[in-house]
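Q: Could you walk me through how to read strand pairing, aromatic pairs and burial in a model such as this one?

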Amino acid sequence: MARIPAADVASAGYIGIVRYLGQYEPKRCTPAEIADAHAHGLSVMLVYEDDAESPLGGFTAGRDHGARATLQAEALGYPSESVICFAVDFDATAAQLETVAQYLDGIRSVTNHPIGLYGSWLTIATLGGSVDYRWQCEAWSGDAVHPSADLYQRIYPTRTIPDTPNSAYDEDVILTTFRGWPPAPAPAPVPLPPPPPPPARKESAMMFMQFQNGTCIVTNLATYRILETKNAQDFVRFCITVASGPTHIFTNLDNSWLADPANNFGVKL
């Protein structure tokens, strides 16, 4: 992954970066890179990755990677409370994830850092409960975002970094918090849209009372919805409220109104 100047990353509106730990020195994070990030207000989180499918080495690979990641993070001054992620950077099957679970057990046996897991929806859904931080990638996930995901990696960036092709970096969306160094603030909650206004209702001079199966239903047969329903046997007093108008009260209705439930009756207001 390209080493993009922190000033350019910050100018694009990003608040943090994720950098590598691992055996391969060319892509490994350096103290100078962290200092540059911090100087421009960026949080830094670390992820360990050698080969994409190295987690299939099970417990032994996890123990080795966990120990190496911890030593490299400490050499960078990375705080013990900050997350180190471990990448499952392939479309792991359910059967393969049983071995990845052993890989995580090996990591857990040698590190005191909170453990993060990078992978597909299935990886997060299967193993997310056993780690401290969940980083889901869009790749191999379809359109689904797991509800426990803390960070979500897009396939295509939505922001442009100056003088840098989009293929040179991945964009991540913070869903809960960014547990790097220092921890980045959680994103502001997105306000819910206001409820839509009620539909416009027109006044009408006629309200209708219809009796069906012993139930009195008050409707406006033009556009009104049902306003109120009452049991016809208890029908002694009925209130009808007209939009933007007074309440009209009908009392002591003649029982003959209830005599034939099949009939419709109208009352002038």
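Q: How should I read the pairing of strand β1 and strand β2, and in which sense do they pair?
A: Strands here are DSSP runs of E with at least two residues, helices are runs of H or I with at least four, and both are numbered from the N terminus; two strands pair if DSSP finds at least two bridges between them. In this predicted model, local features need pLDDT of at least 70 and side-chain atom pairs count only at pLDDT 80 or more, while totals for chains, interfaces and linings use all residues. Residues are numbered from 1 along each chain as its sequence is written, and side-chain values use heavy atoms, with hydrogens and water left out. Strand β1 (residues 16-21) pairs with strand β2 (residues 43-48) in the parallel sense, over six bridges, and leucine 21 has tyrosine 48 in β2 as its bridge partner.

Q: Which helix joins β1 and β2 in a β-α-β unit, and what is the hand of that unit?
A: A crossover is right-handed if, with the strands pointing away from the viewer, the path from the first strand over the helix to the second runs clockwise. Here helix α2 (residues 31-39) forms a right-handed β-α-β unit with β1 and β2.

Q: How many aromatic pairs are there?
A: Rings of Phe, Tyr and Trp (its six-membered ring) pair if their centres lie within 6.5 Å, and planes under 30 degrees apart count as stacked, over 60 as edge-to-face and the rest as tilted. By this rule the count is three aromatic pairs. In one of them, the ring centres of tyrosine 78 and tryptophan 181 are 6.3 Å apart with the planes at 80°, so this pair is edge-to-face. Since tyrosine 78 is in the loop between α3 (58-75) and β3 (84-87), and tryptophan 181 in the loop between β7 (172-174) and β8 (206-212), the pair ties together parts 103 residues apart in sequence.

Q: Are tyrosine 118 and tryptophan 135, which form another aromatic pair, buried or exposed?
A: Buried means under 20% relative accessible area, exposed over 50%, and partly exposed in between (1.4 Å probe, protein chains only). Tyrosine 118 and tryptophan 135 are both buried; their pair is edge-to-face, at 4.7 Å centre to centre and 75° between the planes. By the burial cut-offs, tyrosine 78 is buried at 4%, whereas tryptophan 181 is partly exposed at 21%.
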